[in-house]
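Got the viewer open? Let's take a walk through this one, one selection at a time.

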Amino acid sequence: MPLTKQQKENLIADYEQGLAQAPHVFLMAYEGISVPQVTELRNKVRESGGRYIVVKNRLALRAIEGQNLSALASQFEGATAAAYATEDAVSIAKALTEFAKDVPAIVLKGGLVDGQEVAAEEIKEPGKTIPRSILITLGISTAIYVFVVGVMMTAVNYEELATS
């Protein structure tokens, strides 16, 4: 039975307030999953502090327009579900990957972590992926350290240090 215009508007509003605003979102394909498996997955995501929803792609695309999640617009094809949260991305990613190992019908498509796009491979190993911002910070810190050491080495006369 098709959705009424009011039901579609309500779904878009729900997507705009939850899915589109969440800093951590993981998209997945779910074809071939049974109802008990969906219930189990929903419970695991809820225990991890998130929410699991099956999305209507066209309505979701309207809701995420202009939001961070619009970077993943190409992932809204076929049977799509989303797990999202405002707090801990790692625990949800772990719950999803553990569940996907047991239920091959769940295929991670990609996601957002802290509003930044991440590939499916990064979701599968969240603890092993170093965020880009941390790598940039490490690079800048190293450059500053090298500069300060260079200045200090040229400012000190080693012959005077040896005699004191």
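## Start at the sheet

Select residues 24-29 and 80-85: these are strands S1 and S3, which run antiparallel and are joined by six bridges. Keep in mind as you click around that this is a predicted model. Now pick His-24 and look straight across, where Ala-85 in S3 stands opposite.

Next, bring in the rest of the strands. In what order do the five strands sit in the sheet? Reading across, you get S2-S3-S1-S4-S5, an open sheet with antiparallel pairing. To find the edges, select 51-55 for strand S2 and 116-119 for strand S5; each of these pairs on one side only. Ignoring direction, neighbouring strands here are turned by 20 degrees against each other on average. If you like to draw the hydrogen bonds, do it on the backbone, since that is how strands of a sheet pair, whether parallel or antiparallel.

## A helix across the strands

Select 35-47. This is helix H2, and it lies across S1, S2 and S3. Compare the direction of H2 with that of S2 and you'll find an angle of about 135 degrees.

Carry on into the loop between H2 and S2 and stop at Ser-48. Is Ser-48 buried or exposed? Its relative accessibility is 18%, so Ser-48 counts as buried, the cut-off being under 20%. Show what is around Ser-48: leaving aside neighbours within four places in sequence, the contacts are Asp-88, Ser-91, Ile-92 and Ala-95.

## Over to helix H3

Jump to residues 57-64, helix H3, and click on Ala-63. Ala-63 is buried because its relative accessibility is 3%. What does Ala-63 touch? Not counting residues up to four places away in sequence, light up Ile-12, Tyr-15, Glu-16 and Ala-20. While you're there, draw a C-alpha to C-alpha distance from Ala-63 to Gln-21: it comes to 9.9 Å, although the two are 42 residues apart in sequence.

## Last stop: a nonpolar patch

Select 132-155 to get helix H6, then pick out Ile-140 within it. With a relative accessible area of 48%, Ile-140 is partly exposed. Now switch on the surface and add Ile-136, Ile-144, Phe-147, Val-148, Val-151 and Met-152 to the selection. Together with Ile-140, these residues make a nonpolar surface patch of about 660 Å².

Technical notes:
Residues are numbered from 1 along each chain as its sequence is written. This is a predicted model: local features need pLDDT of at least 70, side-chain atom pairs count only at pLDDT 80 or more; totals for chains, interfaces and linings use all residues. Side-chain values use heavy atoms; hydrogens and water are left out. Two strands pair if DSSP finds at least two bridges between them. Helices (H or I, at least four residues) and strands (E, at least two) are DSSP runs, numbered from the N terminus. Axes are lines fitted to C-alpha atoms, for helices over the stretch in contact, and angles run from 0 to 180 degrees between N-to-C directions. Contact means heavy atoms within 4.5 Å. Buried means under 20% relative accessible area, exposed over 50%, partly exposed in between (1.4 Å probe, protein chains only). Patches are made of residues with over 30% relative accessible area and no salt bridge: like charges are joined within 9 Å, nonpolar side chains (Val, Leu, Ile, Met, Phe, Trp, Tyr) within 5 Å. Accessible areas come from the Shrake-Rupley method with a 1.4 Å probe; for residues, only the protein chains shown count as cover. A salt bridge is a side-chain nitrogen of Lys or Arg within 4 Å of a carboxyl oxygen of Asp or Glu.
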